[in-house]
Amino acid sequence: MGDHHRTDCNEALRELYVFLDGELTEERRSVIARHLDDCNPCLEVFDFEAELRLVIQQKCREKVPPELRQRIEETLRSLSTAPDQPPR
């Protein structure tokens, strides 16, 4: 592995999150995509990050159980009506 390849990996990984967010220019997106096609270590990092994002996205969509929602609402109501108290 020469310096040129290492630089490409550093660039690709530095821009990976922007790539995943779809915020790169078309030209930069093509450069990073080509690098990922040719570099298995970077592709593995990409796959892990993409999978992690999907898991987080799915977990954030799950509904809060009604009992938990009610307990949170009651706690917030009691805090908003309670006299000022120093933080614990």
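## Reading the contacts in a five-helix model

Modeller: The structure holds four salt bridges, and we can come back to them once the ground rules are clear. This is a predicted model, in which local features need pLDDT of at least 70, side-chain atom pairs count only at pLDDT 80 or more, and totals for chains, interfaces and linings use all residues. Residues are numbered from 1 along each chain as its sequence is written, and side-chain values use heavy atoms, with hydrogens and water left out.

Colleague: Thanks! Let me begin with the fold: how many helices and strands does the chain have?

Modeller: Helices (H or I, at least four residues) and strands (E, at least two) are DSSP runs, numbered from the N terminus. Here the chain has five helices and zero strands, giving the pattern α-α-α-α-α along the sequence.

Colleague: And what share of the 88 residues is buried?

Modeller: Buried means under 20% relative accessible area, exposed means over 50%, and partly exposed lies in between (1.4 Å probe, protein chains only). In this chain, buried residues make up 15% of the 88 residues.

Colleague: Now the salt bridges. What is the general idea?

Modeller: Side chains of opposite charge can pair when their charged atoms come close. The cut-off used here is a side-chain nitrogen of Lys or Arg within 4 Å of a carboxyl oxygen of Asp or Glu. One of the four is between Glu11 and Arg28, whose closest N and O atoms are 3.4 Å apart. Glu11 lies in helix α1 (residues 3-14) and Arg28 in helix α3 (residues 26-38), so this pair ties together parts that are 17 residues apart in sequence. Glu11 is partly exposed at 25% relative accessibility, and Arg28 is partly exposed at 25%.

Colleague: Which residue partners Asp21?

Modeller: Asp21 forms a salt bridge with Arg53, with 2.4 Å between the closest N and O atoms. That pair links distant parts of the chain, since Asp21 is in the loop between α2 and α3 while Arg53 is in helix α4, 32 residues apart. Asp21 is partly exposed, with a relative accessible area of 40%, and Arg53 is partly exposed at 30%.

Colleague: Where do Arg77 and Glu73 lie?

Modeller: Both lie in helix α5, four residues apart, about one turn of the helix. The side chains of Arg77 and Glu73 meet in a salt bridge at 3.9 Å, N to O. Elsewhere, salt bridges that share partners join Glu11, Glu15 and Arg28 into one network.

Colleague: Let's turn to aromatic rings. How should I read a pair of them?

Modeller: A pair of aromatic rings is described by the distance of the centres and the angle of the planes. Rings of Phe, Tyr and Trp (its six-membered ring) pair if their centres lie within 6.5 Å; planes under 30 degrees apart count as stacked, over 60 as edge-to-face and the rest as tilted. The structure holds one aromatic pair. The rings of Phe19 and Phe46 have centres 5.7 Å apart and planes at 70°, so the pair is edge-to-face. Phe19 is in helix α2 (residues 16-20) and Phe46 in helix α4 (residues 40-61), so the pair ties together parts 27 residues apart in sequence. Both Phe19 and Phe46 are buried.

Colleague: What lies over the face of Phe19?

Modeller: Arg29 does, at 4.3 Å from the ring centre. A charge sits over a ring if NZ of Lys or CZ of Arg is within 6 Å of the ring centre and within 35 degrees of the ring normal.

Colleague: As a bench person, I look for cysteines. How many disulfides are there?

Modeller: A disulfide is a covalent bond between the sulfur atoms of two cysteines. The test is a pair of cysteine sulfur atoms within 2.5 Å, and by this rule the count comes to zero. The sulfur of Cys39 has its closest cysteine sulfur in Cys9, 3.7 Å away, too far for a bond. Cys39 is buried, with a relative accessible area of 2%, whereas Cys60 is exposed, at 64%.

Colleague: Finally, which residues make the nonpolar surface patch?

Modeller: Val64, Leu68, Ile72, Leu76 and Leu79 make a patch of about 450 Å². Patches are made of residues with over 30% relative accessible area and no salt bridge: like charges are joined within 9 Å, nonpolar side chains (Val, Leu, Ile, Met, Phe, Trp, Tyr) within 5 Å. Ile72 is in helix α5 (residues 66-81), and at 43% relative accessibility Ile72 counts as partly exposed.

Technical notes
Areas by Shrake-Rupley, 256 points an atom, 1.4 Å probe, with all protein chains shown as cover.
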